[in-house]
Amino acid sequence: MRVLMIHYRVDDRDVAEVTAAVEAALAALAAAPPAGVRFEYYRVAGQGEFVGLLRLDEGVENPLPNIAAMRALQSTVAERAIGGPPMPRPLERIGA
């Protein structure tokens with residue numbers, strides 16, 4: 001399984017807009033869930049810091065760029081993230 005993480009901060013005044021974009025993207029995924037994909041999003045409580053985790057089963061290509069609500073989320077994050085658009089980073093599992 002491949003796991004990608006995206007991590008970024010936004011100004012406090014942008015939290016509601018980013019949260020709404022995340023919720024819209026998650027609703028789109030729930031309505032038509034792609035096989036072999038798990039997508040989770042977190043916010044550090046009370047702060048403008050967000051973490052997204054994308055888990056892809058072996059052999060599954062990332063389908064998220066083909067989903068309009070996901071592209072809208074990416075655009076919102078790119079515009080609002082402090083320090084510029086974040087880049088997804090692969091994670092290595094150590095244990096559970």
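In which sense, and over how many bridges, do E2 and strand E3 (residues 49-56) pair? The legends below refer to a predicted model.

**View 1. Pairing of E2 with E3.** Seven bridges join E2 to strand E3 (residues 49-56), and the pairing is antiparallel. Within this pair of strands, Phe39 has Leu54 of E3 as its bridge partner. Strands of a sheet pair through backbone hydrogen bonds, in either a parallel or an antiparallel manner.

**View 2. The four-stranded open sheet.** The strands follow the order E2-E3-E1-E4, and their pairing is antiparallel. The edges are formed by strand E2 (37-43) and strand E4 (89-91); each has a single partner strand, so one side of each has no neighbour in the sheet. From one strand to the next, the twist averages 25°.

**View 3. Helix H1 across the sheet.** Helix H1 (residues 15-31) lies across three strands, namely strand E1 (2-9), E2 and E3. Relative to E2, helix H1 runs at about 160°.

**View 4. Surroundings of Thr19.** Thr19 belongs to helix H1. A polar atom of the Thr19 side chain lies 2.8 Å from the backbone oxygen of Val15. The relative accessibility of Thr19 is 24%, and Thr19 therefore counts as partly exposed, since the partly exposed class runs between 20% and 50%.

**View 5. Thr19 and Leu53.** Thr19 and Leu53 are 34 residues apart along the chain. A distance of 15 Å separates the C-alpha atom of Thr19 from that of Leu53.

How values were computed: Residues are numbered from 1 along each chain as its sequence is written. This is a predicted model: local features need pLDDT of at least 70, side-chain atom pairs count only at pLDDT 80 or more; totals for chains, interfaces and linings use all residues. Side-chain values use heavy atoms; hydrogens and water are left out. Two strands pair if DSSP finds at least two bridges between them. Helices (H or I, at least four residues) and strands (E, at least two) are DSSP runs, numbered from the N terminus. Axes are lines fitted to C-alpha atoms, for helices over the stretch in contact, and angles run from 0 to 180 degrees between N-to-C directions. Contact means heavy atoms within 4.5 Å. Buried means under 20% relative accessible area, exposed over 50%, partly exposed in between (1.4 Å probe, protein chains only). A polar contact is a pair of N or O atoms within 3.5 Å; within protein, one must be able to donate a hydrogen and the other to accept it, and residues adjacent in sequence count only if both atoms are side-chain atoms.
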